[in-house]
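This report concerns one protein model with a bound ligand, and it is written for a reader who wishes to inspect the ligand site and the pockets alongside the coordinates.

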Amino acid sequence: MNLCTSAIMCLVVLTAVSGCLSNTEKIDDYGNETEATEYQGIRLTPISRQRNNAIEGTQYINKDTYRLHIAGLVKKPANLTYDQILAYPSTSKVVDLNCVEGWDFTAKWTGVLFRTLINDSVVSENATEVIFYSADGYSTSHDLDFLMDNDIILAYKINDVTLPHSRGFPLQLVAEDKYGYKWAKWITRIEITNTEYRGFWESRGYNDRADVGGPAFER
Ligand SMILES: Nc1nc2c(c(=O)[nH]1)N[C@H]1C(S)=C(S)[C@@H](COP(=O)(O)O)O[C@H]1N2
Ligand SMILES: [Mo]
């Protein structure tokens, strides 16, 4: 057997072995981050088995040029970098995402509290509503009170892994107890307002309340 044939043989063996390994129940590795399989005794849905849904497909946001704009009824509008967002204290929790189409999954979400994120901007007294704008042209809104009173977070990690591009990098709103269409991904702008707003799906008939278990459409 010459050198060339043994090299080929070696490759064949290695390929077979690695093929075997990838068939075992293996949690995906995301760079040097390892995906969590459970948190506080709760079993998490692996990212590879979570559904996702987006009107224009995956958006690829550059971490270095990214800015999160906080605008509208605030005394000090802000333009936060990715690192500034990560510098805030982080909160983790297990929350189910329920799409209105009937599928759901359970994940550990880690991010910054909405309330903490906008604190430095000083929200005006007359503000009632918050609009989230995304890089794909998507938008949705929430009552200011809902976001303030329920420890709602904007997540930059899912199952301990940096939010993948397909899942909304750099930020997805964890709008717990609301249908998936209230969970804005690829958030680029947060606008505080005092007027009624209807987002992408809400303006197409989906219920603006969007409470999980409640009606999908408005009467
Ligand atoms: N920017 C943006 N955010 C979005 C959407 C979208 O199309 N664009 N789809 C929404 C819908 S309908 C659902 S069910 C969830 C899915 O989130 P996931 O990809 O994390 O599962 O994202 C929501 N957020
Ligand atoms: Mo959805």
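What follows treats the ligand and its contacts, then the pockets, and then two points of backbone geometry.

**Ligand 1 and its surroundings**

The model is a predicted one, and the values below are computed from it. Around ligand 1 there are 20 residues, and those that come nearest are Asn52, Ile55, Asp136, Trp183 and Lys185. Divided by class, this shell holds 11 nonpolar, 5 polar and 4 charged residues.

Three polar contacts of the ligand can be set side by side.

| Protein partner | Ligand 1 atom | Distance |
|---|---|---|
| Ile55, polar backbone atom | oxygen | 2.8 Å |
| Asp136, polar side-chain atom | nitrogen | 2.8 Å |
| Arg167, side-chain N or O atom | oxygen | 2.9 Å |

Of the 540 Å² of accessible area that ligand 1 has on its own, 98% is covered by the protein. Ile55 and Asp136 thus appear both in the table and among the residues that come nearest to the ligand, with Ile55 contributing a backbone atom to its contact and Asp136 a side-chain atom.

**The pockets**

Where does ligand 1 sit with respect to the pockets? The space that ligand 1 takes is the largest pocket, whose volume is about 420 Å³. Its lining is made up of 23 residues, and Asn53, Tyr138, Gly180, Tyr181 and Trp201 are those that lie nearest its centre. By class, the lining of the largest pocket comprises 13 nonpolar, 5 polar and 5 charged residues.

The second largest pocket has a volume of about 200 Å³, and the residues that line it divide into 1 nonpolar, 2 polar and 7 charged. Among those lining residues are the acidic Glu129, Asp143, Glu196 and Asp208, together with Lys178, Lys182 and Arg209; Ser141, His142 and Phe146 also belong to the lining. Strand S10, which spans residues 139–143, supplies the largest share of this lining, namely 3 residues.

**Backbone geometry**

Two further places may be of interest to a reader who checks backbone torsions. The peptide bond that runs from Phe169 to Pro170 is cis, with an omega near 5 degrees, and Pro170 is placed in the loop between strand S12 (161–162) and strand S13 (172–174). Val122, for its part, has a phi near 55 degrees, which is a positive value in a residue other than glycine; this residue, Val122, is found in the loop between helix H3 (114–119) and strand S9 (129–134).

How values were computed:
Residues numbered from 1 in each chain as written. Chains lettered and ligands numbered in written order. Predicted model: local features only at pLDDT ≥ 70, side-chain atom pairs only at ≥ 80, totals over all residues. Heavy atoms only, no water. Near = heavy atom within 4 Å. Polar contact = N/O pair within 3.5 Å; in protein donor to acceptor, adjacent residues only side chain to side chain. Areas by Shrake-Rupley, 256 points an atom, 1.4 Å probe, with all protein chains shown as cover. 1 Å grid on protein atoms, 1.4 Å probe; cavity = no way out; pocket = protein on both sides within 12 Å on 5 of 7 lines; lining within 4 Å. Sits in = over half its atoms within 2 Å of the grid points. Nonpolar A, V, L, I, M, F, W, Y, C, P; charged D, E, K, R; others polar. Points joined across faces, edges and corners; volume = space filled by probe spheres on them. Helix = DSSP H or I, 4+ residues; strand = E, 2+ residues; numbered from the N terminus.
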